[in-house]
Amino acid sequence: MKGTNLGEFEELVLLAVGILNDEAYSIAITKEINRITKRKVIFPVVHSALNRLEEKGFVESKLGGATKERGGRSKRLFTISAGGKKALLRVKAQRDELWSLIPKVVFKNA
Amino acid sequence: MKSKEHRPPIWADRFLEWYCDPSLLEDLQGDLHERFTHRIRNGSITRAKLLFIWDVFIFLRPYTFRGNRRVSFFFMFRNYFKSAYRSLSKNKLNTSLIVAGLTISISGFILISLYVIDESKFDKHYDKADRIYRVTTKLHSETATELTAWSDAYLGPHLKELYPEVEESVGIVKMRGKTIVSHDGKSFPEELLYRVEKSYFRIFSHLWISGDPTTALSKPRSIVLTKKMANKYFGDEKPIGQSIDIGGDNYLVTGIIKNPPSHSDLIFDGLLSTDKEYLAESTFWCTTFILFRHAADANGFEKKLDFACKKYLDPESAETGTTFSYQMELLTDVHFGDDKLFDTPKGNRSSAYVFTVIALFILCIACVNYVNLSFAQSIKKNVQSGIRKILGAQPSQIRAQQLTESLLLTATSLIFAICLSALLLPLINRTTGKEIEFQQFFSLSFLPIVLFIMLAIGFFAGSFPAIYTSSLNPLDALNGTYRIVSKKWLRSSLVVVQFTACIILMICTKIVFDQVNLLTKSDPGFNKEQILVVDIPNDPSLFQLMPDVKNEFSELPFVRKSSLAGYNSVPTSDMDIDTYEVDTNNGTFKKAFNNISVDEDYIDLFKIGLVEGRNITKEDLDNDHSTVMVNESLVKMMGWKHPFDQTLGEGTREYTIVGVVKDFHFNSFHRSIEPLIIHGSNSSPEKLMVKVDKIDFEKIGIMEKIWKKYLDDQPFTFEFMDTYFNNQYKSEKAIQTILLWFSWLAIVIACLGLFGLVAISTSQRTKEFGIRKILGAGPISISSLIAKQFLMLIGLAAVIAAPISWYGAETWLAKFAYKISIRMEHFLLPILIILAIAFLSMCYHMFKAVHGNAIQSIKHE
């Protein structure tokens, strides 16, 4: 039974899918993550993460948007599914809760 | 740029299509193409292509793979590779022993295979090689049966006329001795010139640089040169259409061909056209090749040859007292065929066999080494495979993992071995007289060797440990109850196999050495030391000058004696055979005898003993050349009581016998001494022999000056008698050298293995030795504990090896007329040497066991 947990990297990818909206296919997602996080994320890793996310049911995909530079082949365009949205929100809620529990004093000393 | 749009490498694209799951393919392929297009925009095309290939391989992952649920095996390789790498680097000593052994043996195997491949390639490069046959003659006479490579010069044309299936025939004849070739002030003696009929190029295909094969030799006085020869005389000039001086005649260069490959029996530098239509009009004998229309026409053609022989040769054979028959052999079989008189240099099939057997031995020894050493460390591996099994690995997966490891080892050794053999190649070329090139390593014929090695070692040797570990009960493996000891019989028998091979090689080496010694060191019946054999140019107008040259040489203070010898009359050459009328007790017969022509000093120069009668004298030579000497064998064969009463008739001439010489080995010790007639004649000398005290450059200079005085434009070239003599035993010497090297190799590899084994067995018994020492065992009893079992195995190997090597050596010796008898020492000495070396390789561990601290040893484990 595959876990339905959302990993840290998967969360990034999922968010990037959200950001790109209609144009979310693997290469664009990689570029977006690299641009925002300044991390050197490589394409194959994103590709396999997307695959995992789809297996877990967090994204849905459909083919479309063929271009000439792709040799006329379609892109796999991803959208966040209902399950994905739920997972993202759950992660965010957890984070917010954790944030709210940190005493203010802690940041004073840091 | 529209016309030339860059595309990613097609094969990589195909590969992607092959492995990728169809549901992912469309998108993934598009993605990769898109990345490719982007990269082209920002950088070089090559880089983009390489990166595309990289991408394709990077995406070879479980989730992209077609039907990806069933291919875990395929993807476990990464893991197998990793664990193989780790376990190999953990046992550095063992791994390096294995790799060293494998490297040495594989490079030995590679070198020998290259040799054997080269031997088997002989004359196969001709397009029509499967339809070309050589016709040779067999002479039967009462005294001997001789095979000669020659046949009647008319035979070719006759056969072509009689039988439609003979498409073409050619007669070729090698120019006698050395011919002086000159052009534009450059002048050298050349040996490799052939006179060929114009049909030659219709049968033999060559690579032409310039000239036209159909017309090149159609006119008299034309010559086709090889590239090498053309460069030698013409340098940068264009040779076509120029003239070149061949033995005093001008020839027109009509063609240049690429140098024929070295794996051919017909090695030549130049091909000369015939003066008339057929060679037969100017010579009686030649080498005949025929070309059949279809390869199948050759079946049963021997009968037709017999018919031709009856028709044309029988009248003649009745006259000469010999019967002839024709034989034919396929061009590609010539190299390994029977040795014939006047033949091209032969390959030695038995050498090729011997070498192949050695190569397999070496490979086998290294495999055994590998199996042995990997068994020895399998305890540690058993734990690993035990855990793998408990985690759900199938036996097949364990086997796959083990095989990965052995293939990894084999591949590493193979790479090392290729480098090593590339380094050793010049050495092998020198020993065997071949010209194998480095490029061979990249040729297609080399591929099977590599595959064979990988399969033989990687799978064969690797499967033993693989099957063993995969069949273990995982719990036993984890408990360590399965000790290596349980497979002791296997390990022992492997050691025996290994050392059997070693001892066989050693014994054979010893026997070959003794035999070669017998051949080269025993007295041939004549003195061959310090004799220079000077080539006399093949030009009848110069012959009359030769006695003067000889006399002037004789007067030099450092020259003891000099002598002129006629056609093929220097010891080691193929003697001429002629038919003589002789009287025996049963009447007069015609008989064929070997004969040589020499002058009055020949017998003294070679210190050949005189049994009775007298030597040929100067007067005999000045008179009419009608005196001859014979050897003892001839007298014995004819049963003559008074040889001097006999005469020998040849055609219209009659010879009187004046002396009988002691039998001497004119030819090599391969053959027994045959009856011989020694003519006193110096009318057409071929070689001038000079016996000197201690030769040096100054003396050669003096002789050359005299030579130039008489024959000023002829080069002074010579060879030592010793060289001619030793050339007879070239193939034996090659076997000797190679056996010597490889038996050392085998010993080194086997001892590497022994070293490793002893290391493991002593480390397993460390505790035992400690206890023994505390209880009072001395150094001798401890070391004998270690040595005993291995030395006993080697002893067993010796018992097995002795009869095998005896049989092998007897087979090899059978072809010699004079051979050593195999004695006890041939076996004892090699065995003792091997025992000593094996003992030495165990010494280190014995020393460690004896001198280790007993208390520490007990704490071991």
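Select strands E5 (179–183) and E6 (186–190) of chain B. E5(B) and E6(B) run antiparallel and are joined by five bridges. The model is a predicted one, and everything on this tour is read from its coordinates. To see one rung of the pairing, show Ile180(B), whose bridge partner in E6(B) is Pro189(B). Now colour E5(B) by accessibility: four of its five residues are buried, and the strand is mostly covered.

Next, go to the turn. Two residues separate E5(B) from E6(B) in this hairpin. Pick Asp184(B), which sits in the loop between the two strands. Its phi is near 55 degrees, a positive value in a residue that is not glycine. Is Asp184(B) buried or exposed? Asp184(B) is exposed, because its relative accessible area is 62%, and the cut-off for exposed is over 50%.

Stay with E5(B) and add strand E10 (residues 243–246) of chain B. This pairing is antiparallel as well, with two bridges between E5(B) and E10(B). Show Ser182(B) and look across to E10(B), where Asp245(B) stands opposite. E5(B) is thus a strand with bridges to E6(B) and to E10(B).

**A strand covered on both faces**

Move to strand E7 (residues 193–196) of chain B. Leu193(B) and Arg195(B) lie on one side, Tyr194(B) and Val196(B) on the other, and all are buried. Both faces of E7(B) are therefore covered, because the residues on each side are buried.

Which strands pair with E7(B), and in what sense? Select strand E4 (residues 166–174) of chain B: E4(B) and E7(B) pair in the antiparallel sense over three bridges. Then select strand E12 (residues 270–273) of chain B, which runs parallel to E7(B) and is joined to it by four bridges. Arg195(B) is a useful residue to centre on here. Val173(B) stands opposite Arg195(B), and Arg195(B) in turn stands opposite Leu272(B) in E12(B).

**The wider layout of chain B**

Zoom out and colour chain B by domain. The assignment gives domain 1 (10–70), domain 2 (76–122 + 347–482), domain 3 (129–336), domain 4 (485–523 + 723–861) and domain 5 (538–713). Domains 2 and 4 are each written as two segments. Place a marker at the C-alpha centres of domain 2 of chain B and domain 5 of chain B; the two centres lie 60 Å apart.

**Two residues further along chain B**

Select Thr572(B), in the loop between strand E16 (559–565) and strand E17 (576–584) of chain B. Like the turn residue visited earlier, Thr572(B) is a non-glycine residue with a positive phi, here near 90 degrees. How accessible is Thr572(B)? Thr572(B) has a relative accessibility of 17% and so counts as buried, since the cut-off is under 20%.

Now select Asn631(B), in strand E20 (residues 627–631) of chain B. Asn631(B) counts as buried, because its relative accessibility is 1%. Show its side chain, which reaches the backbone nitrogen of Leu676(B) at 3.0 Å. Beyond the neighbours within four places in sequence, the contacts of Asn631(B) include Val660(B), Val661(B), Asp663(B), Ile673(B), Glu674(B) and Pro675(B).

**Cysteines**

How many disulfides does a search of the whole structure find? Over all chains, the count is zero. Select Cys367(B) and Cys364(B) to see one case. Cys364(B) holds the closest cysteine sulfur to that of Cys367(B), but at 6.8 Å the two are too far apart for a bond, because a disulfide needs sulfur atoms within 2.5 Å. Cys367(B) is buried, with a relative accessible area of 8%. Cys843(B) is in no disulfide either; its nearest cysteine sulfur, in Cys751(B), is 11 Å away. Cys843(B) is partly exposed, at 29% relative accessible area.

**Last stop: a helix in chain A**

Select helix H1 (residues 8–20) of chain A. Why does its length agree with expectation? At 1.5 Å a residue, its 13 residues should span 18 Å, and the end C-alpha atoms are 19 Å apart, which agrees. Show the buried residues of H1(A), among them Phe9(A), Val13(A), Leu14(A), Val17(A) and Leu20(A); Glu10(A) and Glu11(A) are also buried. The elements covering these buried residues include helix H2 (26–37), helix H3 (43–56), strand E1 (59–64), strand E2 (75–80) and helix H4 (82–101) of chain A. Finish on Asn21(A), just after H1(A), which takes a positive phi of about 55 degrees.

Technical notes:
Residues are numbered from 1 along each chain as its sequence is written. Chains are lettered from A and ligands numbered from 1 in the order in which they are written. This is a predicted model: local features need pLDDT of at least 70, side-chain atom pairs count only at pLDDT 80 or more; totals for chains, interfaces and linings use all residues. Side-chain values use heavy atoms; hydrogens and water are left out. Domain bounds come from an automatic or database domain assignment. Buried means under 20% relative accessible area, exposed over 50%, partly exposed in between (1.4 Å probe, protein chains only). The expected span of a helix is 1.5 Å times one less than its number of residues. Contact means heavy atoms within 4.5 Å. A polar contact is a pair of N or O atoms within 3.5 Å; within protein, one must be able to donate a hydrogen and the other to accept it, and residues adjacent in sequence count only if both atoms are side-chain atoms. Two strands pair if DSSP finds at least two bridges between them.
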